[in-house]
Amino acid sequence: PLTTTMLSVPGAKTVRGYSFFGDSFVYVLFEDGTDLYWARSRVLEYLNQVQGRLPATAKTSLGPDATGVGWIFQYALVDRSGRNDLSQLRALQDWFLKYELKSLPDVAEVASVGGMVRQVQVQLEPNKLAAYGITYSQVRDALVAGNQEAGGSVLELAEAEYMVRARGYLKTLEDFRAVPLASRGGVPVRLGDVAVVQMGPEMRRGIAELDGEGEVAGGVVILRSGKNAQRTIEAVKTKLAELKRSLPPGVEIVTTYDRSALIGRAVENLSHKLLQEFAVVAAVCLIFLFHLRSALVAIISLPLGVLVAFLVMNHQGINANIMSLGGIAIAIGAMVDAAIVMIENAHKKLEAWKHEHGGAPTGDEHWRVITEAAVEVGPALFFSLVIITLSFVPVFTLEAQEGRMFAPLAFTKTYAMAAAAVL
């Protein structure tokens with residue numbers, strides 16, 4: 001019923017279902033451009049409609065508002081002193097670290113991995129059940145009824161109201177063993193009479209192991225969709241450093257995956273390449289023009305154009321990543337062409353005037369020659385840059401994964417080229 005119901009969700013393009021032992025997953029793929037939170041609200045509406053058609057023990061939940069690349073940070077809990085076992089490490093993760101990290105901005109989920117999840121295991125003995133005439137359903141109902149709280153209204157005493165509440169939660173193994181199941185000949189039959197009650201690990205389908213030294217418990221931090229990974233990772237690291245003081249003696253937090261290192265290396269590498277391109281362009285201008293002030297025109301236009309592109313990127317919310325910085329790297333070569341052509345034409349005009357009049361122009365005459373040189377090639381240079389800028393327009397028509405991948409590159413290159421055309 002889940003997959004068939006999800007087919008009618010507005011905007012849903014594809015619905016896929018996967019079933020495993022004890023779990024089933026339904027993936028609803030929406031049309032490109034659909035708002036994430038609008039889609040989640042629609043799915044929740046249809047989940048409420050189908051809830052009545054599911055088995056009583058089946059529970060549905062919506063996954064975190066993250067993407068497939070939201071895995072940004074992972075850590076492990078290690079106790080090399082041997083004071084805490086895997087179940088205690090997993091309890092620290094599930095009931096302490098997990099909730100503290102989920103309170104951070106832009107963290108969609110903190111998934112627990114590894115370790116042992118402690119549970120109270122009741123192993124029924126069929127022969128004893130048959131001897132006492134007790135069924136499995138009776139045992140289950142008795143455990144459910146004996147592990148809950150109940151309200152008893154209020155009592156008014158001495159002009160004050162006292163709320164009555166019966167606390168019936170089972171806390172120890174002895175509490176479980178003392179749960180009454182039935183009465184035979186006036187003697188109560190308790191759970192401990194027909195079953196073995198013990199503390200044990202929940203059945204698991206995998207393990208978490210660190211550096212070949214043994215099993216560990218840990219967590220995976222998932223980034224909320226569209227948020228800044230670098231800033232979120234820094235917040236996670238700061239929070240973990242604060243929480244270390246609250247851990248039991250001997251327990252360490254070991255970072256096993258940190259995407260900020262990859263992001264830093266990628267951006268740093270591309271930044272160095274941009275600086276190298278700046279240096280090469282500046283050297284070429286100085287060597288071939290052999291005029292420092294003229295070369296500065298071309299050299300200064302580069303960082304100004306890139307600065308304008310960064311300002312527009314910041315306003316539009318485009319992050320500085322490999323693709324967006326790559327667009328600037330592609331544009332640098334074409335950005336400086338117009339400045340070099342204009343400077344070269346100005347030098348040719350000045351040289352021609354010098355040969356014609358026997359000396360270099362001065363004052364207003366100098367600026368008149370420069371203006372004529374700029375007017376002569378300015379329109380052609382402007383439209384050539386505009387044509388190069390518009391050459392990336394087809395990239396904006398890409399959709400789905402291709403559009404999301406190449407759009408930052410096309411945006412930044414267009415902004416840089418447009419800034420160069422104006423300059």
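**Exercise 1. In which hand, left-handed or right-handed, does helix 11 pass helix 12?**

A word before we start: this is a predicted model, in which local features need pLDDT of at least 70 and side-chain atom pairs count only at pLDDT 80 or more, while totals for chains, interfaces and linings use all residues. Residues are numbered from 1 along each chain as its sequence is written, and side-chain values use heavy atoms, with hydrogens and water left out.

*Step 1.* Find the elements: helix 11 covers residues 322-357 and helix 12 residues 363-390. Helices (H or I, at least four residues) and strands (E, at least two) are DSSP runs numbered from the N terminus.

*Step 2.* Take the axes, which are lines fitted to C-alpha atoms, for helices over the stretch in contact, with angles from 0 to 180 degrees between N-to-C directions. The two axes come within 9 Å and cross at roughly 150 degrees.

*Step 3.* Helix 11 and helix 12 are therefore roughly antiparallel (under 35 degrees is roughly parallel, over 145 roughly antiparallel, 65 to 115 roughly perpendicular, the rest oblique).

*Step 4.* The crossing of helix 11 with helix 12 is right-handed: the near helix is turned clockwise from the far one by less than a right angle, whereas anticlockwise would make a crossing left-handed.

**Exercise 2. Find the parts of the chain that Arg 224 and Asp 65 link, and say how accessible each residue is.**

*Step 1.* A salt bridge joins Arg 224 and Asp 65, with the closest N and O atoms 2.8 Å apart (the criterion is a side-chain nitrogen of Lys or Arg within 4 Å of a carboxyl oxygen of Asp or Glu).

*Step 2.* Arg 224 sits in the loop between strand 11 (217-223) and helix 8 (229-243), and Asp 65 in the loop between helix 2 (36-50) and strand 3 (71-79), so the pair links distant parts of the chain, 159 residues apart.

*Step 3.* Arg 224 is partly exposed at 22% relative accessible area, while Asp 65 is buried at 8% (buried is under 20%, exposed over 50%, partly exposed in between, with a 1.4 Å probe and protein chains only).

**Exercise 3. Work out how Glu 365 and Arg 368 are placed in helix 12.**

*Step 1.* Glu 365 and Arg 368 form a salt bridge, their closest N and O atoms being 2.1 Å apart.

*Step 2.* The two residues are three apart in helix 12, which means a separation of about one helical turn.

*Step 3.* Glu 365 is partly exposed at 26%, and Arg 368 is partly exposed at 37%.

*Step 4.* Salt bridges with shared partners join Glu 365, Arg 368 and Glu 372 into one network.
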